[in-house]
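Please examine the structure shown below. The briefing that follows describes its overall make-up, one sheet with its helices, and several side-chain arrangements.

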Amino acid sequence: MRNSSLRILYTYRGYMYYLLFFITIIYFYSKGYDMNPTHHNEAQCCHDTHHHEQSPHNHIHYGEVFLIASLIAIFVVCLLFIYTPSLATLPFVSEITLAVLFVVYLCAGKPMFSTFWHNCKNKVFFDEHTLMLFATIAAWCIGEASEAVAVLLFFRVGEFLESLAVQRSQNSISALLQVIPDIAHKKENHTLIDLHPQSLEIGDTLIIKVGEKIPTDSVILKGKSYIDMRSINGESVPVSVKEGDSLMAGAINTSAMLEVRVERLFTDSHIAKIAKLTQEASKNKAKTQKIITSFARVYTPIIFILSLCVALIPPLFNGEWHEWIYRSLVVMMVSCPCALVIAVPLGYFVAIGRASKEGVLCKGAIHLETLCKVKNIIFDKTGTLTRGSFEILKIIPNKGYTEQNLLELAAIAEQNSNHPIATCIKNHLNIAAHIESYEEISGKGVVLMCDRGEIIIGNATLLQERNIAFETQNSAYTIIYIAHNGVYAGYILIGDTLKEHIKEDLQSLQKYGIAHFAILSGDNQSSVDYVAKELGITHAYGHLLPAQKEQKLIELMGQWQGKSAFVGDGINDSIVLRRSDVGISINTGEQGNDISKESADIILQHHSLQGLISAFKIAFHTHRLTWQNISFALISKLFIIILGIVGIANMWLAVFGDVGIALLALLNAMRPPKGKAREKIEN
C-alpha cells in the first residue's frame, strides 16, 4: 500500500518540479531578462566595444542553455517512461531509464561535484554544495532517481542564472583602453610618426591635435589651448594651458594643436597609476559570503549527524533497523535544501531583473545584500549631484544695457571659440559679426574689435588690466564680465547646476537609514562648498586627485559606523568605487564613464539618483523576503523532521517539505515591492 501511494506521489512530484522550472524561466524572460550582458542604453553608447567583447560570452550562454534544455528534455522523457503504465512495462525500460537518469545526474551535477571536490581540498566541507550532494545521495538511497536528478537540474539552473546576472552588468577590463590614450604623434625630422604611448621615451617631441588625449605626462613647448580634465580630477571647467605648463596623460586637448615634450614614461604616467590603483583597490574590497553558505556551515553537519543518530541509535534498543533507516532518510529528504539553495538566490536574481527594468544594473546578489547595511553615502560632485554641463544661470546687465544686448555682445565675442563656456553662450544665441581684430588672452578672456566696436569678455583680471571700472562679484559659479567700448556692460553667471529633484532624492535616501552624506570632488573647494550648502551636506572636500579621494574615503569610513557607498561617474572615481563597500556608478553617457562602470558594483543607467532610491527599495524588500523564506523553510522543515523522527511523517510529507516549501518560497520571492516610484526615471 505504501509503495502504491508513494508511486502516485512521486508522479505528482515530477510534474511539480517541471512546473517549478517553467515558472522560473517564464518569469525571467517575461521580465526581459535576456542574455545580452549589457543594458540596452549602455549598449547604445558603447556599441562597438560590446559587440566585439561580449560575443564570446554569448556563445557560452547559448551552449549552457542548450545543455540545460537538453538535460531537462531527457529528464522529462524519462519521467514519461517511468510513470506511464503502458511504457513502464516494456522490456528493460526500467534499467535503461535508470542508466539515462544517472548520466543526466552526472552531467547536471558536474559543476557541483567539481566545486565540492575543490572545497574539500581547501578544507571547506560545509556549504550549499555539500547540502546538495547529501540531498541527492539521500534521494538515490531511497530508490528515487528522478528526485536526485531533479534537484541537481534546478541547482544547475540557479547557478546559470547567477552567472548570467553577473555577466549581464559586468564590463570587460578592456573598457579601460577606451580611456587610456592609444596613439601618439612623435615629431621626428619634420615628419610625424604614429606610435603607441608605451613606445615613447623621455624627451620625445609630440604633436597633440584638437580632440585627442594627452598620450603621457608632458610639458608644452609650443601653443596654447584648453584642456578638459574631467576624466582625471573631476574639474568641470577646462583649464587654460600655455608654453611651459605641464599636462597629465588622459586629459583631452579641446581647442588648439600643441607641441609637447615627454616628461614621464607611459608606465609612470598619471593615467597608468590610476589603472594600477584601481586594480589594487579591488583586492581590499570587503567580501561577504552568501547567507546560505554561512548558514550551511551549521545546518549541514547538524542534519547529517541527526540523520545518523536516527538511523543508528534507536535500532540498538529495538532492533528495527529497516524502519529507523527509512525514518533517517525521511529526515534527510525533508532536509533537502531546495527552498534555500533555489528560492533564496533566485529571490535575489528576481530582484536583479526587477532592478534592471528600472535602470539599475547590479553585478551580483551580494551587492544588494550589502546595500541594506549601508549607513553612509559619499558622492562625487560633477555629473553625480550636478548636471555636469554649463548653463547660463543669470544675465545681469549694467545701466544702459539689456539682457539681450549683453547676450549679443557675449555671443559675438565667443563666435570663434570652442571653449565649453563659449559653446554654452552660443547655444543660447548664435550671432555673427565682422571681426577686425581678435586676441585670446590665455586664462583671462578675449579682446576683439568688430563692427559693433570693442568688446572685452573674460574674468575680473582682464577688465582690471584694461582699466575698466566695475564692481567684482562673489559666486561659486563662473562669472563672465563684459565691457563694450571701454564701458562696463554687465556680467553673465555660468555654472553647473544641481540635478532636478536632487534634494528630494537625498531626503528619500535618509528613509533607508542613511546617517551621513559627504562629497569628494576634484573641483575647486568653493564650488564644492556651495553645492554642499545647497544640499545640507556637512562633509565636503574639493581639490582632490584620485589617490587623495581614496585616502579621504578611508578616513571617513574609519570615522563612521556601518557600510559606506560611493557614487561617482568618471575614471577619477574608479579607485574609490573599488575601495568603498558598495561602488555605484551613475551613467553620464560620456566615454570616461566606462571605467567607472567596470569598477562599480552597481550601475545606475540613468543620470537621476532615483535609480539609487529604487536600488535601496528593492534591496530592503529582497532582504525581508529572503529572511521570510529562510524562516518559513526552517520552521516547516523542523516540524516535519520531528514528525519523521517519531514515525508520523512519511514520504508524502517529505515531498511537501521538499518541493512544496521550495515552490512557496519561490513564489514569495517573486512578490514585487509595494508602492511606486515617485516618477519614471528620465531616459
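Of the 683 residues in the protein, 54% are buried, where buried means under 20% relative accessible area, exposed over 50%, and partly exposed in between (1.4 Å probe, protein chains only). The model is predicted: local features need pLDDT of at least 70, side-chain atom pairs count only at pLDDT 80 or more, and totals for chains, interfaces and linings use all residues. Residues are numbered from 1 along each chain as its sequence is written, and side-chain values use heavy atoms, with hydrogens and water left out.

**Overall make-up**
- The protein has 26 helices and 22 strands; helices (H or I, at least four residues) and strands (E, at least two) are DSSP runs, numbered from the N terminus.
- Among contacts with a separation of 6 or more, 68% join residues 24 or more positions apart; a contact means heavy atoms within 4.5 Å.

**The sheet and its helices**
- An open sheet of 7 strands follows the order β10-β22-β21-β20-β11-β18-β19, with mixed pairing; two strands pair if DSSP finds at least two bridges between them.
- Strands β10 (360-362) and β19 (539-541) stand at the edges with a single partner strand each, so one side of each has no neighbour in the sheet.
- From one strand to the next, the twist averages 20 degrees; angles run from 0 to 180 degrees between N-to-C directions, and axes are lines fitted to C-alpha atoms, for helices over the stretch in contact.
- Strands β11 (residues 374-379) and β20 (residues 563-568) run parallel and are joined by 5 bridges, and I378 stands opposite F566 in β20.
- Helix α22 packs on the sheet, touching β11, β18 (516-520), β19 and β20, and its direction makes about 165 degrees with that of β18.
- Helix α25 (residues 610-645) lies across β10, β11, β20, β21 (582-586) and β22 (602-604), at about 165 degrees to β11.

**Lysine K552**
- K552 is found in helix α22 (residues 546-559).
- K552 counts as buried because its relative accessibility is 17%.
- Not counting residues up to four places away in sequence, K552 touches L520 and Y541.
- The charged end of K552 sits over the ring of Y541, 4.3 Å from its centre; this requires NZ of Lys or CZ of Arg within 6 Å of the ring centre and within 35 degrees of the ring normal.

**An aromatic cluster**
- F470, Y481, Y488 and Y491 form one aromatic cluster; rings of Phe, Tyr and Trp (its six-membered ring) pair if their centres lie within 6.5 Å, with planes under 30 degrees apart stacked, over 60 edge-to-face and the rest tilted.
- Both Y481 and Y491 are buried, as are both F470 and Y488.
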